[in-house]
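Take a moment to turn the molecule around on your screen before reading on. We will walk through it together, one piece at a time.

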Amino acid sequence: DGLLHLGRRAVSDLSQDEMRAVQGTTAENSKKLALTVFDIVDRDGSGTLSMVEVVRFVQKLVSFLLGMTKAGAHTCIECYIDEIVKTFIAHGWKQNTAQELDKEQVMFMFLMAPATLSMMCQRERTR
C-alpha cells in the first residue's frame, strides 16, 4: 500500500517501535520504505542479508502472490463466469418459446454462445 500511494499519502516508518508519518520528498520516503523492508527481511538484525533470509523472504513473497492469484481466479470463476453463464442461459431460454430443449437446440445454443455474449457486451457498452 505504501508503494502504491507513495507521494500521495503519509507512509508510516515501521523501522522504529512506534508508528509515525514519514516526512520529506518522495525520494526520501522511498529510501525509508526500502530500509524498512530491509529491516523486515533482516531477521537476525545483523545489518546484512544472508542467503537464508533472502530465500525465506522470496518464498513468502511467492506464496503471497500465488495466494492472491488463487483468490483472484476463484473470484473470477465463482462470481463473474458463473453470472455470465446464468445470464447466457436465461437469454437463450427467453429466445426459445418451447418449454423444453432438445439436443439440437442445446448444441445450437453452445455454438452461438460466443456471438451472443459478444452482442450482449456490445449492448451494455452503448447504454
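Let's begin at F57, a residue that sits in helix 2. Keep in mind as you look that this is a predicted model. Is F57 hidden away or open to the outside? It is partly exposed, because its relative accessible area is 35%, and partly exposed residues are those between the 20% cut-off for buried and the 50% cut-off for exposed. Now find R43 as well: F57 and R43 are 14 residues apart in sequence, and their C-alpha atoms are 9.7 Å apart in space.

Next, follow the helix that holds F57. Helix 2 covers residues 51-95, which makes 45 residues. From its first C-alpha to its last, helix 2 reaches 63 Å, close to the 66 Å expected at 1.5 Å a residue. Where does helix 2 bend? Look at C76, where the bend is about 30°. Helix 2 also has buried residues, namely E53, F88 and G92.

Now move back along the chain to helix 1, residues 26-41. Helix 1 has 16 residues, so at 1.5 Å a residue it should span 22 Å; its end C-alpha atoms are indeed 22 Å apart. Which residues of helix 1 are buried? They are N29, L33, T36 and V41. Seen down the axis of helix 1, these buried residues fall within an arc of 135°, so they line one face of the helix. A general rule helps here: an α-helix has 3.6 residues a turn, so residues three or four places apart point the same way. On the face of helix 1 turned away from the buried side, you will find the exposed residues A27 and K31. And what covers the buried residues of helix 1? Part of the cover comes from helix 2.

With those pieces in place, step back to the whole protein. Its secondary structure comes to 3 helices and 0 strands, and from the N terminus on the elements run α-α-α. Of the 127 residues, 13% count as buried. The protein exposes about 10,600 Å², and carbon and sulfur atoms supply 62% of that area. Among the contacts with a separation of 6 or more, 21% are between residues 24 or more positions apart.

Finally, how confident is the predictor? The protein averages a pLDDT of 75, and 73% of the residues score at least 70. Confidence is highest in helix 2, at a mean of 84, and lowest in helix 3 (residues 103-126), at 72.

Terms used
Residues are numbered from 1 along each chain as its sequence is written. This is a predicted model: local features need pLDDT of at least 70, side-chain atom pairs count only at pLDDT 80 or more; totals for chains, interfaces and linings use all residues. Side-chain values use heavy atoms; hydrogens and water are left out. Helices (H or I, at least four residues) and strands (E, at least two) are DSSP runs, numbered from the N terminus. The expected span of a helix is 1.5 Å times one less than its number of residues. The bend at a residue is the angle between axes fitted to the seven residues ending there and the seven starting there. Buried means under 20% relative accessible area, exposed over 50%, partly exposed in between (1.4 Å probe, protein chains only). pLDDT is the predictor's confidence in each residue, from 0 to 100. The arc is that of the directions from the helix axis to the C-beta atoms. Contact means heavy atoms within 4.5 Å. Accessible areas come from the Shrake-Rupley method with a 1.4 Å probe; for residues, only the protein chains shown count as cover.
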